Amino acid sequence: MHKIDIDLVEMTMDVMKYTIDRISATEREIGKPKSEFELKSIVGETITAKGIGGEFAFNLWKEHLMKANVPIDHPRHLAFVPAAPTRAAIMFDLVTSASSIHGAYWMEGAGGIFCENEAMHWMVSLTGMPQGAFGVFTSGGTAANLSAMVTAREHWRENDDFRGEKGLIITSIGAHSSIKAMAKVIDADVILVDTEDQLLGTELQEAIDNLTIHQRKRLFAVVATGGTTNAGIIDDLQGIAAVCANENLWFHVDAAYGGGALVADSVRHLFNGIEKADSITIDPHKWMFSPYDCGSVIYKKPELAKKAHSQEGSYLEIFKDEGAHGFNPADYQIQLTRRVRGLPLWFSLATHGTDRYKEAVERGIELAQMAGKIIKKLPHVELVREPSLSCVLYRRIGWNPEDYTHWTYENHEKGFALVTPTKWKTGDTFETVSRFCFINPDTTEKDIEMILDSMV
Ligand SMILES: *Cc1c(COP(=O)(O)O)cnc(C)c1O
């Protein structure tokens, strides 16, 4: 017993040291994947009847396996939607694990769920949704979008006229791939309005007017995007809200990436109309500096989500009886057993205060504006469009798609930066262009200049 205790203390110290070193490092490696074959030949058998021992396994992790990842918090990682979880949030993610809280029902997770809800009240306040609106943390934007779509569809099908109908959703080609993917899950069809730029209320109205009578009957929801993942474009939420109200359609705003910018005074007005949404997706693991994984879905009328998602089972009844005194996250999204994954966000918000969040998000927007100005001055690059939120699309004059790919790999190979190309659609043509997405407040002007210089 004594021996085990000493081992445990040592391992705890090792893990804490690793964690502290990792989150306080000023110089980090970008990291590169290796093939499964290579990794296997380096580490050998790791799962054996007797075990290889914690120290040995941890060393394999530190020496080899961790290095085969591409951590997303490097200041020159500007691909996809990067991340920059706060130290407070990361440390509390460890606390969340150590606390073994089942986050489905208040009966078991009251203290943790209370904290999640504190953070959620703040998020709801950013949206300006009416009294009664509330939300729940999910594994990510995909699960949040699915939870919202299920709620919308169930609510729609409560009406006998629609009971046997297959649902139909309208969104735009700028919408995230998860909308189409989750429409498959609920067996609904999707009509995409062909604009990668801002989806306007008038364009939505036109799309609705062009539906057949049966399609119009099947249409139950519209998904607008509050910050497209590719370009940071916010749809005309006012206009779309008005059309949805008029046509009696569920209005969902997918702000998985852009939602963090609701806190930023400089761009808040671009989201006007979001307060009219029936549901909103926001990912704290994108622009609210939470570790993976943490998404969220907010509903104007949470009771509709409860009708759609609440699970029943004889062994769950006890939770319902006791839990009726509190908020049961399991009732508002697709997952039953869940981590109280909003806890790290709560601790970070409580530690730093919401003003720091405002500053950190404004910094991402400022970096995008800064990059735009630098690009305008340089002869070898030009903007594809003005920066939007923290996304910048630009082209290297004279490059073809292979040049972009080659440049990306070269920079990654050198451990210098990760900036990946994307496509931008104008009319019928898709152009390969370069893209920055800024999240990490530690990214500097110098980082941007060095990256652009590497394109000369
Ligand atoms: C990232 C993103 C998603 C998907 O979120 P996950 O957390 O990756 O599941 C959905 N919608 C938008 C707009 C996004 O940017």
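In these legends, two residues are in contact when heavy atoms of one lie within 4.5 Å of heavy atoms of the other. The structure shown is a predicted model.

**View 1. Contact between helices α6 and α12 in the predicted model.** From helix α6, the residues S147, V150, T151, E154 and H155 take part, and they meet L304, A305, A308 and H309 of helix α12. Sorted by class, the contact of α6 with α12 comprises 4 nonpolar, 4 polar and 1 charged residues.

**View 2. Packing geometry of α6 and α12.** Helix α6 spans residues 141–157 and helix α12 spans residues 302–309. Their axes are 9 Å apart and form an angle of about 90°. Angles of 65 to 115 degrees count as roughly perpendicular, and α6 is therefore roughly perpendicular to α12.

**View 3. The shell of residues around the ligand.** The ligand is surrounded by 13 residues, of which G141, T142, D254, D283 and K286 are the closest. By class, this shell holds 2 nonpolar, 8 polar and 3 charged residues. Helices α6 and α11 (284–287) each contribute at least two residues to the shell. The most is given by α6, with 3 residues.

**View 4. Polar contacts to oxygen atoms of the ligand.** At G141, a backbone N or O atom is placed 2.8 Å from an oxygen atom of the ligand. D283 presents a polar side-chain atom at 2.7 Å from a ligand oxygen atom. For K286, an N or O atom in the side chain lies 2.8 Å from an oxygen atom of the ligand. On its own, the ligand has 390 Å² of accessible area, and the protein covers 85% of this.

**View 5. Backbone features in the loop between α11 and β7.** Strand β7 comprises residues 295–299. F289 lies in the loop that runs between α11 and β7. Phi of F289 is near 60°, a positive value in a residue other than glycine. D293 is also found in the loop between α11 and β7. The peptide bond that joins Y292 and D293 is cis, with omega of about -10°.

Note on methods:
Residues are numbered from 1 along each chain as its sequence is written. This is a predicted model: local features need pLDDT of at least 70, side-chain atom pairs count only at pLDDT 80 or more; totals for chains, interfaces and linings use all residues. Side-chain values use heavy atoms; hydrogens and water are left out. Axes are lines fitted to C-alpha atoms, for helices over the stretch in contact, and angles run from 0 to 180 degrees between N-to-C directions. Helices (H or I, at least four residues) and strands (E, at least two) are DSSP runs, numbered from the N terminus. Angles under 35 degrees count as roughly parallel, over 145 as roughly antiparallel, 65 to 115 as roughly perpendicular and the rest as oblique. Ala, Val, Leu, Ile, Met, Phe, Trp, Tyr, Cys and Pro count as nonpolar, Asp, Glu, Lys and Arg as charged, and the others, Gly among them, as polar. A residue is near a molecule or strand if one of its heavy atoms lies within 4 Å of it. A polar contact is a pair of N or O atoms within 3.5 Å; within protein, one must be able to donate a hydrogen and the other to accept it, and residues adjacent in sequence count only if both atoms are side-chain atoms. Accessible areas come from the Shrake-Rupley method with a 1.4 Å probe; for residues, only the protein chains shown count as cover.
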